[in-house]
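Colleague: Could you pick one helix here and give me a close look at it, rings and all? Start with whatever the record says, please.

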Amino acid sequence: MKGMRGPGESRDTAMAVEQDIFDAVVMADERFHGEGYQEGYEEGSSLGIVEGKRYGMVHGAKIGSEIGCYRGFALAWKCLLHSGAGEKNSRKMKVVEALIALLQDFPYDDPTYEKLHEDLDRIRGKFRQLCSVLNVQPDFKVTPGGSGLAF
């Protein structure tokens, strides 16, 4: 308390105590700001990891479903074209084989693969080329109930 000194306290000691109390009040704002920042950073980091994992699983599942449909499409057409072998089907068969080769080389187990999107675009392009050669117009859809190709 200001102006009240106990017996044996000097004026300098009383001022030092008052200064310490004043510093504690002024510094509380900075301390609370720092503590709040640290708590927010830690919580944001953990929430970011959870959200990133969820996004990665959903996005990876969509890509996996798309690749699976392309693979099934290509293998089915390979069987159909193989049974009716002829000059006319040789060009179609080359495109089917090229798509199957791209699908086999796709890095399914490496999400950090640098050229993942480039390879995926290449596969999509080869799929469109195959559809053009076969004269089919597929409609690939990814929905919450599943994914697939429609013709």
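Modeller: Sure. UniProt positions use the numbering here, with shortened feature names, and annotations may be inferred rather than shown by experiment. An unreviewed UniProt entry puts "domain: Essential protein Yae1 N-terminal" at residues 36-74; that span is 100% helix and 0% strand, its end C-alpha atoms 56 Å apart. This is a predicted model, so local features need pLDDT of at least 70 and side-chain atom pairs 80 or more, while totals for chains, interfaces and linings use all residues. Numbering runs from 1 along each chain as its sequence is written, and side-chain values use heavy atoms, without hydrogens or water.

Now α3, residues 116-134 (helices are DSSP runs of H or I, at least four residues, numbered from the N terminus). Its 19 residues should span 27 Å at 1.5 Å a residue (times one less than the residue count), and the end C-alpha atoms agree at 27 Å. Buried ones (under 20% relative accessible area, 1.4 Å probe, protein chains only) include Leu116, Ile123 and Phe127. The buried residues fall within a 160 degree arc (directions from axis to C-beta atoms), so they line one face. Arg128 and Ser132, exposed (over 50%), sit on the face turned away.

Phe127 pairs edge-to-face with Phe73, 5.0 Å between centres and 70 degrees between planes (centres within 6.5 Å, planes over 60 degrees apart). Phe73 belongs to α1 (residues 11-83), so the pair ties together parts 54 residues apart in sequence. Both rings are buried, and ring pairs link them with Tyr70 and Trp77 into a cluster. Just after α3, Asn135 takes a positive phi of about 60 degrees.

Conventions: Helix = DSSP H or I, 4+ residues; strand = E, 2+ residues; numbered from the N terminus. Phe/Tyr/Trp six-rings, centres within 6.5 Å; stacked < 30°, edge-to-face > 60°.
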